[in-house]
Amino acid sequence: IAGCGARSSQGSSGNEEGSSSSEDKIVVKFSHVVAENTPKGKAANKFEKLAEKYTNGKVDVQVFPNSQLYSDDEVLSAIQQNNVQLAAPATSKVSKLFPEWQVFDLPFAFPDTKAVQEAMESEEIGGKLFSMLKEEQLLGLSMWDNGFKQMTLDSHTLKKPSDFEGEKFRVMSSKVLEAQFEAVDANPTPMPFSEVYSALEQGVINGQENTLSNIYSKKFHEVQDYMTISNHGYLGYAVITNNEFWQGLPDDVRKNMEKALNETTKWVRENGKRLNDENLKKIKEDGTLKEIHKLTEEEKQAWIKAMDPVYKEFEEEIGKDLIDAVKGLRE
Ligand code: LMR
């Protein structure tokens, strides 16, 4: 890979890389898997506008939503090869390269998004996790929120841990998420996001966990009958670029891209929850689900207890210090 992003000559052929032609733009491809009307989808589009504005059109940000360019499993290596310059995979997916990132998947680890943001900003959690990425040519630029995950199923309402028994749930590629479902005797099936709708429709899986914005925008509520508002796990994103590409950008361009990114991060932090809440309303209005159950405090305590062994099981893989730091946020 050249240490520089793709350049489009916009019709002026024959320009060497680094040519000063004002028509040359630095092309920044941003690949993601969700719909555009979600926190990440909206944030990516917002970043495109702001980055182009702040760099006076020196960059051309091209956003590819809905797994159009790469699916979950491919995007990190596409960044390493500089085939795409930006992506914002769920933290769970970063754990394929760095198992420590599974700390965000631990069940009931965070009481609210404020606690997640605190974790990401702390040196002992966020600082540590972001610094690892460089070992693999990656650079973590920011953390974007989606929100908390809810459970859906085809056959009954999930209230007690025993309600999970024998059911097949789709999970993102994370061993902790698999362990979470195994702890309640369910069968986890890792699968890319782009395949979930048809797997639910065809009954290859019976249920899944995701945020309300992902459930609504991908119509999972049309192929499931029961939803439990459980807020049992967090789903957020690491905005990642190719380190060499980013460092190779002209200073003014990089600064203005960072400015655009900071503004976008602020926006998604302030609006992620609102978007998910609006999606719950829309799911209710659609009326396709037979029941939406909000987990009671007592039920929640039973889930916490049933899923608690996951913490011990992953102490070595994630690191006790990271797990303790996350637990410390709750105290
Ligand atoms: C999923 O695979 O369920 C999520 O990571 C999708 C996303 O990017 O929000």
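**Close-up 1. The shell around the ligand mixes residue classes: six nonpolar, three polar and two charged.** This view comes from a predicted model. Which residues are around the ligand? They are Val33, Val34, Lys40, Asp72, Ala90, Asn146, Met172, Phe193, Asn210, Asn214 and Leu235. Keep an eye on Asp72, because this ligand neighbour turns up again as one of the buried residues of helix α2.

**Close-up 2. How sure is the predictor about what you're looking at?** Across the protein, pLDDT averages 93, and 93% of the residues score at least 70. For the complex, the predictor gives an ipTM of 0.98 and a pTM of 0.92. Residues 1-21 are another story: pLDDT stays under 50 there, and the model has 33 contacts beyond four places in sequence for this stretch.

**Close-up 3. Ala44 sits in helix α1, which covers residues 39-54.** Is Ala44 buried or exposed? Count the C-beta atoms around it: 27 others lie within 10 Å, and 20 or more are enough to call a residue buried, so Ala44 is buried. Leaving out residues up to four places away in sequence, Ala44 touches Phe30, His32 and Val63. Take His32 from that list: Ala44 and His32 are twelve residues apart in sequence, and their C-alpha atoms are 8.6 Å apart in space.

**Close-up 4. Here's the largest nonpolar core, with its 88 residues.** Which of them touch the most other members? That would be Phe47, Ala51, Ala87, Val103, Val239, Ile240 and Val326. Zoom in on Ala51 and, setting aside neighbours within four places in sequence, you'll find Val59, Val61, Met257 and Ala260 in contact with it.

**Close-up 5. Helix α2 has a buried face.** The buried residues of α2 are Asp72, Val75, Leu76 and Ile79. Look down the axis of α2 and these residues fall within an arc of 95 degrees, so they line one face of the helix. Here's a handy rule for reading a view like this: an α-helix has 3.6 residues a turn, so residues three or four places apart point the same way. What do the buried residues of α2 pack against? Their partners are β2 (25-31), β4 (86-87), α3 (91-94), β5 and β11 (234-242).

**Close-up 6. Helix α4 has a buried side and an exposed side.** Val116, Ala119 and Met120 are the buried residues of α4. They line one face of the helix, since an arc of 95 degrees takes them in when you look down the axis of α4. Flip to the other side of α4 and you meet Lys114 and Glu121, which are exposed. The buried residues of α4 pack against α5, β5, β11 and α14.

**Close-up 7. Now for helix α14, residues 320-330, with buried Leu322, Ile323 and Val326.** These three cover an arc of only 100 degrees around the axis, which puts them on the same side of α14. The face turned away from that buried side carries exposed residues: Lys320, Asp324, Lys327 and Gly328. What covers the buried residues of α14? The cover includes α4 (113-121), α5, α12 (309-313) and α13 (315-318). You've already met Val326, as one of the core members that touch the most others.

**Close-up 8. Some residues here have a positive phi.** Most residues other than glycine have a negative phi. Ser67 is not a glycine, yet its phi is positive, near 55 degrees. You'll find Ser67 in the loop between β3 (59-64) and α2 (72-80), where it counts as partly exposed because it has 18 C-beta neighbours inside 10 Å. Gln137 isn't a glycine either, and its positive phi is about 70 degrees. Its home is the loop between α5 (123-132) and β5 (138-148). With 18 other C-beta atoms within 10 Å, Gln137 is partly exposed. Then there's Asn82, which follows α2 and has a positive phi near 60 degrees.

**Close-up 9. Asn83 lies in the loop between α2 and β4.** Inside 10 Å, Asn83 has 17 C-beta neighbours, so it counts as partly exposed. How far apart in space are the C-alpha atoms of Asn83 and Ser194? They are separated by 20 Å, with the two residues 111 places apart along the chain.

Note on methods:
Residues are numbered from 1 along each chain as its sequence is written. This is a predicted model: local features need pLDDT of at least 70, side-chain atom pairs count only at pLDDT 80 or more; totals for chains, interfaces and linings use all residues. Helices (H or I, at least four residues) and strands (E, at least two) are DSSP runs, numbered from the N terminus. A residue is buried if 20 or more other C-beta atoms lie within 10 Å of its own, exposed if 12 or fewer, and partly exposed in between; C-beta atoms are placed from the backbone. Two residues are in contact if their C-beta atoms, placed from the backbone, lie within 7 Å. A residue is near a molecule or strand if its C-beta atom, placed from the backbone, lies within 6 Å of it. Ala, Val, Leu, Ile, Met, Phe, Trp, Tyr, Cys and Pro count as nonpolar, Asp, Glu, Lys and Arg as charged, and the others, Gly among them, as polar. The arc is that of the directions from the helix axis to the C-beta atoms. pLDDT is the predictor's confidence in each residue, from 0 to 100. A nonpolar core is a set of buried Ala, Val, Leu, Ile, Met, Phe, Trp, Tyr and Cys residues joined through C-beta atoms within 7 Å.
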